Amino acid sequence: MFKMRFNAISESLRRNRIIIEEKGRRSKLFGTQVFNDEKMLQYLTKDALESVRGAIFSGSKIDRKIADQVAEAMKGWAIANGATHYTHWFQPLTGSTAEKHDAFFDLLPDGKGLEKFGGGQLVQQEPDASSFPSGGIRNTFEARGYTAWDPTSPAFVYGTTLCVPTIFVSYTGEALDNKAPLLRALHAVDEAATAVAKYFDKNVSKVNATLGWEQEYFLIDKALAYSRPDIILTGRTLVGHLAAKGQQLDDHYFGVIPNRVLSFMSDLEKECTKLGIPVKTRHNEVAPNQFELAPVFEEANLAVDHNLLLMDVMEKIADAHNFKVLFHEKPFAGINGSGKHNNWSLATDTGINLLSPGSTPMKNLQFLTFFVNTIKAVDHYEELLRSSIASASNDHRLGANEAPPAILSIFIGKQLGQVLDELEGVSQGKLSPEEKTELKLNVVGKIPEILLDNTDRNRTSPFAFTGNKFEMRGVGSKTNCAKPMTILNTIVAKQLKAFKKEVDVLIDKKNLKKDEAIFNVLREYIKTSKKIRFDGDGYSEDWEKEAKRRKLSNNKTTPEALQIMTGKDSIALFREMKVMSEIEVRARQEVELEAYILHIQIEGRVLNELMYNHVIPSSIQYQNKLITNVNGLKEIYGAIHKKLTEGQLNIIEQIAEHISEIKKKTDHMVEARKRANTLKDLNKKASAYCENVRPYFDEIRYHSDKLERLVDDSEWPLTKYRELLFIK
Ligand code: ADP
Ligand code: MG
């Protein structure tokens, strides 16, 4: 008898809601645990404050003396807020965050204790980094890596630890993390976008990329989650028959938030608010036990840090409320998976959203400039952008029958489409006064009104323009947003740089006025980037065929999608924009391939264990019961038993067939894994895992799920979908 499942169910049913008290306003609570501008004003000398602000605004260096001052101030503030330790908080290529805590406490030679934290410890640290993935960088160069303070993301006290956001690089300067390339990409887009924004307003001196992520997740009772080895080891259910009821009634989406979940959310939001994460929206998502949280958007680097911190806080708070939070993109078959829409825009230091039209024709031309350049950038680099969100778990969404498709396309809506169509007709070279007036009044001038009722949002589009921002929807719920944000900002930077060059040539050499030159270049971009624009149903087969005709990439699996990273064009792009060297790009591809292989390998092993140790034994146990029953009936009824045992015999046979298929396929899967493991080339190995190992998962699952339907409920060992998804 398997007890785990039933113990878990009774435990989950005994749970009480933990009441979370909330006193006072959230706005008062906001950022109380963050060493933000307000605290700096309080704790730093004028010189130190200016130096840190300069580093934030223009990336200027902070000298050692100032760093000492900042560290001293930070220490004082952190200790006053309950901190006993400090850590450099960084983002290794594992995708999540890492930290190693050191106590402020130190000993003086005379044996007395004191609290110490100097500029040296603030600015740089050397964690023992040998166990983080580096894609060979550390083997080839230096074995050591170090973390370095990122002053653009404020330090914060989390629990009893002062966390200092840092980048993680090798001693030879190669980035070993996700933050360093992101910061470089943000610098590139700042430079390129500022130069272009100056066409419209000379006062612009900085452009920030903005990011507002929407985090989807599942919340499962802790005891139930821990009763499933697959959830604990792989983050998803590898087997499980669908519950009779799924999401078909649409009664969960935006429905009343269950009590226990609401307590969890309040607690989480309180903690986030203190940590300066501007959480705003919470609601039920489409699938049962699926939810979403969204913040107010922020500068992209800070938003990325906040998303990573949120995921960490969520796991801890969930645990306190006896939940397990699942960030996997597809924890349950047959119902919706989870994503993390990345809403992205560009904002100037003068307070203008460059993807928002304004009140004058010139402001609208500015909008069009950034709008069309983004389209052009995504058109050229669609495959690279797709690669930035590739992972074994996200393959269950992109490319499977799930939102959105693996093909990248842009939705802009009918009205904006018409505006671009009209701009395509702009004359080459100088524009006549009539044409200028016509453009101003009837094309560019009408944009704000158009956008007001541009509400027909296409939910199937992977990259949609939603009024004043683009929304990238293929990002996985588990993915570190730094990856897609690095690529998106790099390609837009590259595009804006090219645009500026072309416009300047027309102004300087062809004597065109600024707006004429801009119209001329945009016209060409509109013409040459049409293939990426698609307003129809992104899930349809027709689109797949059409996209193929348009020569858009359609990489459904991670090993395929990652290839483009090291293509000539990509490497040249990263080098030119100073975002990554060839070594850094190759290292990342290697790390991603390796992660893919390991994920599939672990899933294969867990599946093997589930079949041999859980599914097959319990099925046999039930089969034996039936056999005993048949034998008993035979004893009692003799010759006429056949009629009485027909049903039982049929079930006995069905069980036998499924067991035999499971055994055969599981053994084949193990063989395929062994063969794949002999391959030295990482690309080939990842492909072998993808093409030869992974397909067994569904085949095995099919038979296991059939057995779940046949076997006596009281004998079934694995907690069922209806329990995981409907116990709240
Ligand atoms: P939904 O996509 O669910 O309909 P909204 O369109 O209301 O939701 O916006 C979702 C997210 O978009 C929010 O997290 C918000 O902060 C973000 N957002 C809004 N404006 C911007 C912007 N200019 N830059 C980046 N993100 C933004
Ligand atoms: Mg959205």
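This is a short tour of a predicted model, stop by stop.

**Start with confidence**

Colour the protein chain by pLDDT. The average is 93, and 98% of the residues score at least 70. For the complex, the predictor gives an ipTM of 0.94 and a pTM of 0.96.

**Colour the domains**

Make three selections on the protein chain. Domain 1 is 31-177, domain 2 is 187-580, and domain 3 is 595-726. Now look at the second and third of these. The centres of domain 2 and domain 3, taken over C-alpha atoms, are 41 Å apart.

Next, show where they meet. Domain 2 puts 22 residues in contact with 28 residues of domain 3. On the domain 2 side, select α10 (229-234) and α20 (558-562); these are the elements that give two or more residues to the side touching domain 3. α10 gives the largest share of that side, four residues. Colour the same side of domain 2 by residue class: twelve residues are nonpolar, eight are polar and two are charged.

**Move to ligand 1**

Centre the view on ligand 1. Which residues are the closest to ligand 1? They are T210, G212, F297, N343 and S345, out of 17 that surround the ligand. Show the strands next. β9 (207-221), β11 (290-295) and β14 (340-348) each supply at least two residues of the shell around ligand 1. By class, this shell has six nonpolar, eight polar and three charged residues.

**Go into the core**

Select V70, M74, V189 and L211. In the largest nonpolar core, which has 197 residues, these four touch the most other members. Then select helix α22 (residues 582-637), which gives this core its largest share, 13 residues. In soluble globular proteins, nonpolar side chains tend to be buried together.

Stay with M74 and show its contacts. Leaving out residues up to four places away in sequence, M74 touches F35, L122, A155 and L162.

**Check two asparagines**

Most residues other than glycine have a negative phi. The next two stops have a positive one.

Select N289 first. Its phi is near 60°, a positive value in a residue other than glycine. N289 sits in the loop between β10 (279-284) and β11. Is N289 buried or exposed? N289 counts as buried because it has 24 C-beta neighbours inside 10 Å, and the cut-off for buried is 20 or more.

Now select N322. Phi of N322 is also positive, near 60°. Look for N322 in the loop between α12 (300-320) and β13 (323-326). N322 has 18 other C-beta atoms within 10 Å, so it is partly exposed.

**Finish at T566**

Select T566, in the loop between α20 and α21 (568-576). T566 is partly exposed because 16 other C-beta atoms lie within 10 Å. Which residues does T566 touch, not counting those up to four places away in sequence? Show I571, V585, R586 and Q589.

For a last distance, draw a line from T566 to F291. Their C-alpha atoms are separated by 37 Å, and the two residues are 275 residues apart along the chain. The line runs from the loop after α20 to a residue of β11 (290-295). α20 is one of the elements on the side of domain 2 that touches domain 3, and β11 supplies residues to the shell around ligand 1.

Note on methods: Residues are numbered from 1 along each chain as its sequence is written. Chains are lettered from A and ligands numbered from 1 in the order in which they are written. This is a predicted model: local features need pLDDT of at least 70, side-chain atom pairs count only at pLDDT 80 or more; totals for chains, interfaces and linings use all residues. Domain bounds come from an automatic or database domain assignment. Two residues are in contact if their C-beta atoms, placed from the backbone, lie within 7 Å. Ala, Val, Leu, Ile, Met, Phe, Trp, Tyr, Cys and Pro count as nonpolar, Asp, Glu, Lys and Arg as charged, and the others, Gly among them, as polar. A residue is near a molecule or strand if its C-beta atom, placed from the backbone, lies within 6 Å of it. A nonpolar core is a set of buried Ala, Val, Leu, Ile, Met, Phe, Trp, Tyr and Cys residues joined through C-beta atoms within 7 Å. A residue is buried if 20 or more other C-beta atoms lie within 10 Å of its own, exposed if 12 or fewer, and partly exposed in between; C-beta atoms are placed from the backbone. pLDDT is the predictor's confidence in each residue, from 0 to 100.
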